[in-house]
Amino acid sequence: FPHPAPRRARSAARGAWMGADRERNEYELKKVIELARENRNVVRVIIGNEVLLRGELSVEELTGYIERARKAIRQPVGTAETWNTWLQNPQLAAHVDFIAVHLLPYWEGVPVEMAVDYALQRFTEVRLRFPDKPVVIGEIGWPSNGDRLAAAQATPDAQARFVRAFLERTGPLGLDYYLMEAVDQPWKRATEGAAGAHWGLLDAARQAKFAFTGPLQSDPYWP
């Protein structure tokens, strides 16, 4: 769910899914290069999504794919990882044109009241660690349903509070970010648990879950 500036309202990011299947990786790399070459509205390309976090590729293998993409297309090329993965693998930054960082305080058990401050603190840490690279928030959001993780609760109220607070805080900052995500994806339950299916700003029927303005009121009967 991108938040581009008005002049880039029709722009898009394209990604190549990288994993342990090297044959599939070659297909993904080929297709994303084709898409980037054929579509002027592709403004950036992301090679890999948390592949180091999952341990499915080494840094050397991942950077090999990234460098091949950088040589083949004109758009900036990066990869997406969690904030701590970037800090733990600083050598990765030498091979990207931008850093796509994932900030998901729910998965870290942070209470929603502190979550926006926490996310922006981690964003600042990454930006200070890599001052010569543009930093894009590749994923940020909160689930509306799912298990409680430490002090983090996945409820409609918590999702609305987090998203609205994030938008209010970051509006004047001009950050480049992608809210996770546009629509609920029930299939994610199989790999990410109950919360994985409920990150959308819209539910699976494409209905808005909350209003972006006006008062928020918790449902006292929410289980």
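**Helix faces, a central strand and an aromatic cluster in the predicted model**

On the other side of helix 1 from its buried face, Glu23, Lys30, Arg37 and Glu38 are exposed, where exposed denotes over 50% relative accessible area, buried under 20% and partly exposed the range in between (1.4 Å probe, protein chains only). The model is predicted, so that local features require pLDDT of at least 70 and side-chain atom pairs count only at pLDDT 80 or more, whereas totals for chains, interfaces and linings use all residues. Residues are numbered from 1 along each chain as its sequence is written, and side-chain values use heavy atoms, with hydrogens and water left out.

The buried residues of helix 1 are Asn25, Glu28, Leu29, Val32, Ile33 and Ala36. Seen down the helix axis, the buried residues of helix 1 fall within an arc of 130° and therefore line one face, the arc being that of the directions from the axis to the C-beta atoms. Their cover includes strand 2 (12-16), strand 3 and helix 3, with contact taken as heavy atoms within 4.5 Å; helices (H or I, at least four residues) and strands (E, at least two) are DSSP runs numbered from the N terminus.

A similar arrangement is described for helix 3 (residues 59-72), in which Val59, Leu62, Thr63, Tyr65, Ile66 and Ala69 are buried. These residues fall within an arc of 155° about the axis of helix 3, so they too line one face, while the face turned away from the buried side carries the exposed residues Glu60 and Lys71. Helix 1 (22-38), strand 3 (42-49), helix 2 (51-54) and strand 4 (77-82) are among the elements that cover the buried residues of helix 3.

Strand 6 (residues 135-140) has six of its six residues buried, and is therefore largely enclosed by the rest of the structure. Strand 5 and strand 6 pair in the parallel sense over five bridges, pairing requiring that DSSP find at least two bridges between two strands; within strand 6, isoleucine 137 is the bridge partner of valine 101.

A search of the whole structure finds nine aromatic pairs. The ring centres of tyrosine 106 and tryptophan 199 are 5.9 Å apart and the ring planes lie at 80°, so this pair is edge-to-face. Tyrosine 106 lies in the loop between strand 5 (98-103) and helix 5 (112-129), and tryptophan 199 in the segment after helix 7 (189-196), so the pair ties together parts that are 93 residues apart in sequence. Both tyrosine 106 and tryptophan 199 are buried. Phenylalanine 166 and tyrosine 177 also form an edge-to-face pair, at 4.9 Å centre to centre and 80° between the planes. This pair links phenylalanine 166 in helix 6 (residues 156-170) with tyrosine 177 in strand 7 (residues 177-179), eleven residues apart, and both residues are buried. For these assignments, rings of Phe, Tyr and Trp (its six-membered ring) pair if their centres lie within 6.5 Å, planes under 30 degrees apart counting as stacked, over 60 as edge-to-face and the rest as tilted. Tyr106, Trp107, Trp142, Phe162, Phe166, Tyr177 and Trp199 form one aromatic cluster.

Backbone features were also identified. A cis peptide bond, with omega of about 0°, joins methionine 180 and glutamate 181, the latter being found in the loop between strand 7 and helix 7. Alanine 150, although not a glycine, has a positive phi of about 55°; alanine 150 lies in the loop between strand 6 and helix 6 and, at 63% relative accessibility, counts as exposed.
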